[in-house]
Amino acid sequence: MKDKTRKTIIKWWWIILTAPFVFVGFWILLVALFAKIPSFEELENHKSNLATELISCDGKVLSTYHIENRTFASFEDLPQSLIDAAVATEDARFYKHSGIDFRGLARVAVKTLAMRESSSGGGSTITQQLAKTLFPREESYSKFPGAKVIHMVNIKLKEWITAVKLERNYTKNEIITMYMNAVFFGSNAYGINTAARTFFGKTPSELTTEESCTLVGMINKPTRYNPALNYDYSMQRRNLILSRMKRYGYISRQACDSLQQLPIVLNYERQDHNTGLAPYLRDMLRRTMNAHKPKRSEYRNWVDYQVDSIAWVEDPLFGWLNKNTKPDGTQYDLDKDGLRIYTTIDSRMQRYAEQAVREHLSKDLQPTFNRELKGKRNRPFSNDISQAEIDNSMNMARRWSDRYTGMKKQGISEKDILKSFNEPVPMTLFAWNKKGYVDTVMTPNDSIRYYKSFLRAAIMAVEPNTGKVKAYVGGPDYRYFKYDNVRQGRRQVGSTIKPYLYTLAMQEGYSPCDRVANISYTFEIGNTTWTPRSTDKAEDIGRVVTLKWGLAHSSNNISAFLMKQFGPEAMIEMCRKMGIHSHLEPVYSLCVGSCDISVFEMVSAYNTYPSRGVYVNSMFVDKIEDSQGNLLESFSARKTEALSAQTAYLMVNLMQGVVNEGTGTRLKWRYGIQGAAGKTGTTNDNSDGWFIGYVPKLTAGVWVGAEDRQVHFESTRLGGGSNMALPIWGLFMQKVMNDKSIGINNGESFVAPPGWDMDLSCASGGSNLSEDEGGYSNPEEDEYFD
């Protein structure tokens with residue numbers, strides 16, 4: 001062969017050999033020069049969607065606000081087994097390359113493409129996967145031949161360049177941390193923090209080796225290898241990862257063999273907006289923090305406008321997101337900015353409150369109510385409700401439904417919309433069963449009646465002296481009953497308002513042992529008169545009784561006597577001092593609870609008694625931090641002296657009489673709770689049942705009733721506060737007291753004010769309550785009003 005020919009062959013051999021590399025290098029140069037590559041600043045300040053965490057006072061994550069349910073975990077939070085599993089599975093040469101693993105690419109080219117071995121693994125490094133996750137690929141919609149291939153090559157080259165930038169600007173530990181925070185694990189879990197909590201109920205640092213392998217196995221295919229959905233596939237994948245950890249020397253053969261024999265033990269709870277502890281609190285805080293400066297035109301009710309206007313000025317949490325901005329001047333976003341909201345809620349008490357509501361409603365009250373419903377003509381409505389009232393209630397429910405509003409937006413006629421409410425359709429409905437729901441076929445009209453038949457409940461617990469809310473439950477199940485009966489709802493309070501009238505009497509010089517004639521008292525109202533209906537036993541009418549007896553038995557006669565002495569205006573003024581902002585009509589029937597007030601206001605007001613006469617505004621949040629842990633704002637309760645300490649102590653004594661000798665005795669003989677003070681309440685036709693009570697370290701209030709006031713028990717024995725609401729209070733307090741880590745003990749005594757020397761036994765100058773004044777220990781409620 002001539003030298004010239006040989007040289008030509010060699011020249012072309014080198015051209016053919018180097019041309020692809022030159023072409024790729026030139027393409028990379030063009031991409032680097034003209035394509036949009038993330039800058040260092042964009043890498044440093046990448047805008048990932050971080051979930052805002054609601055954190056309890058005992059350090060537990062209650063819930064999150066999120067678009068992507070992701071919270072940050074630091075490198076120190078990651079167990080070594082998790083890092084080793086990720087490296088062994090996703091990028092064995094992670095610590096040896098600088099962002100692009102050319103050996104891995106060659107392996108993919110030879111084994112996967114040429115030899116068709118699908119088990120050889122992918123060629124993308126952890127850093128490349130991170131680049132792809134942080135800066136997602138854009139779709140190509142061009143129909144030009146080969147455009148999608150060119151677009152994909154461009155994307156891959158951009159990811160290579162971004163990966164190299166990441167490697168140059170971050171350490172390997174920082175890259176693996178960002179990676180574990182960025183990946184999607186399925187079940188709405190973004191990042192390792194949320195994944196560990198969702199599948200195992202743990203923090204990442206608590207994960208075992210086999211649990212780490214299970215989670216790492218999901219990165220490749222989050223649905224296929226989800227242990228909650230596909231247990232067998234997940235088990236195979238986990239064991240494969242354990243084998244790879246053994247192969248690369250991260251665990252021994254013996255450890256691998258033993259770990260592969262273990263089952264996957266889940267503590268699975270999907271994290272979404274309907275789950276987690278305190279969902280009603282989460283929803284309420286979102287409304288509160290997102291509030292705008294009130295405008296009168298946006299409010300139907302003047303009182304609501306007035307209350308919100310005061311809150312805008314006095315409550316820094318109200319409208320916080322619109323009152324505060326980030327350093328760059330933009331507004332905070334609960335769903336994206338990763339704030340840490342440290343609440344006053346105690347996760348243990350919150351769990352006990354939710355359990356108490358569920359236990360009483362599902363096991364006792366709702367089954368009893370369902371049995372009574374069977375005998376009603378227009379169930380769930382009471383037999384004494386007119387057809388016109390029923391039609392009005394059903395019509396309003398239809399118009400508020402998603403079905404009606406959705407069809408209305410589509411331009412469907414009113415006639416066709418109403419017709420659709422009588423056509424059976426498959427639906428999933430709430431049920432008090434193990435699953436929490438039932439699949440059935442039912443007409444929308446029947447589903448409305450079905451939901452109206454469920455009794456709702458609300459409970460809030462507050463710490464005396466600090467006003468810190470420790471538990472907050474707005475309904476039986478947030479997924480199906482979104483309405484918050486703690487703050488959004490106002491219901492008739494019945495006899496739970498009577499302590500405010502007695503407080504006025506104590507403040508004006510009366511004592512619990514003062515004696516009053518138990519007779520009817522009549523009020524003149526213009527040209528008519530009004531006499532509260534007596535609820536006392538016949539043998540007690542006409543006797544002289546103490547005020548303590550009157551409150552213990554919730555006597556309307558004694559309340560009427562006190563209203564005669566002071567009048568409605570003075571009673572309203574006392575209510576205002578104790579934090580009641582709802583509208584109160586200055587009428588005589590106020591003495592028996594004819595007004596509507598929220599659970600939040602009532603519990604906050606009752607908390608004045610164990611707080612020694614100081615009204616403390618109930619608060620939900622201690623502080624807010626940004627995603628980096630910088631303090632943005634801290635909060636404290638506002639306090640005003642509403643009563644003297646002596647008056648507060650007198651009221652404690654009076655309300656202990658309710659539990660010891662009156663309508664609240666069930667707390668003692670059924671739940672074994674000693675030393676508590678409180679008041680039951682029952683309203684017109686048994687539509688609402690209340691119990692609000694307190695011990696020295698905790699105040700709690702419970703309301704129970706149906707959505708419609710026309711849906712209720714027919715008898716006070718079943719529909720009174722002592723049967724509807726008090727058991728929830730008793731169950732909750734029983735659980736709290738049994739948990740010694742909380743520090744609230746049964747039988748603790750209230751401390752008398754300094755210098756106290758008054759005898760409250762009512763034995764001096766009068767007869768003993770339980771012996772001569774008809775001490776009442778029947779647990780059945782005896783409260784009514786006209």
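Here are some worked exercises on the structure above.

This is a predicted model, in which local features need pLDDT of at least 70, side-chain atom pairs count only at pLDDT 80 or more, and totals for chains, interfaces and linings use all residues. Residues are numbered from 1 along each chain as its sequence is written, and side-chain values use heavy atoms, with hydrogens and water left out.

**Exercise 1. Get an overview of the chain.**

Step 1: take the secondary structure. The chain has 29 helices and 20 strands; both are DSSP runs numbered from the N terminus, helices being H or I with at least four residues and strands E with at least two.

Step 2: check burial. Of the 786 residues in the chain, 52% are buried (buried is under 20% relative accessible area, exposed is over 50%, partly exposed is in between, with a 1.4 Å probe and protein chains only).

Step 3: look at contact range. Take contacts (heavy atoms within 4.5 Å) between residues at least 6 apart in sequence: 70% of them join residues at least 24 apart.

**Exercise 2. Work through the salt bridges. How many are there by the rule, and where do the partners of three of them sit?**

Step 1: set the rule. A salt bridge needs a side-chain nitrogen of Lys or Arg within 4 Å of a carboxyl oxygen of Asp or Glu. That rule gives 23 salt bridges.

Step 2: start with a local pair. D283 and R287 form a salt bridge, 2.9 Å from N to O. They're four residues apart in helix α12 (residues 279-289), so about one helical turn separates them. R287 is partly exposed, at 31% relative accessibility.

Step 3: stay on α12, but go long-range. R286 has a salt bridge to D335, with the closest N and O atoms 2.9 Å apart. R286 belongs to helix α12 and D335 to the loop between α14 (320-323) and β3 (340-343), so this pair links distant parts of the chain, 49 residues apart. D335 is buried at 16% relative accessible area, while R286 is partly exposed at 24%.

Step 4: go further along the chain. K468 and D622 meet in a salt bridge at 3.3 Å, N to O. K468 is in the loop between β6 (455-462) and β7 (469-473), D622 is in strand β15 (residues 621-625), and their positions lie 154 residues apart in the numbering. Both ends are partly exposed: K468 at 25% relative accessibility and D622 at 21%.

Step 5: add a network. Salt bridges link D58, D346 and R348 together.

**Exercise 3. Lay out the mixed sheet. Which strands stand at its edges?**

Step 1: write the order. Five strands make an open sheet, β2-β1-β3-β15-β16, with mixed pairing; two strands pair if DSSP finds at least two bridges between them.

Step 2: find the edges. β2 (61-65) and β16 (631-634) each have a single partner strand, so one side of each has no neighbour in the sheet.

Step 3: add the geometry. From one strand to the next the twist averages 20° (axes are lines fitted to C-alpha atoms, for helices over the stretch in contact, and angles between N-to-C directions run from 0 to 180 degrees).

Step 4: zoom in on one pairing. β15 and β16 run antiparallel and are joined by three bridges. E625 faces L631 in β16.

**Exercise 4. Do the same for the antiparallel sheet, then dock the helices on it.**

Step 1: the order here is β7-β6-β20-β19-β18, an open sheet of five strands with antiparallel pairing. β7 and β18 (677-682) are the edge strands, each with a single partner, so one side of each lacks a neighbour in the sheet.

Step 2: neighbouring strands are turned by 10° against each other on average, direction ignored. Six bridges join β18 to strand β19 (residues 688-695), an antiparallel pair, and T680 stands opposite F691 in β19.

Step 3: bring in the helices. α15 packs on the sheet, touching β6, β7 and β20 (698-706), and its direction makes about 35° with that of β7. Helix α28 (residues 726-738) packs there too, touching β6, β7, β18, β19 and β20, at about 145° to the direction of β20.

Step 4: pick a residue on α15. T368 lies in this helix (residues 347-373). T368 is buried, at 16% relative accessible area. Leaving out residues up to four places away in sequence, T368 touches F713 and L718.
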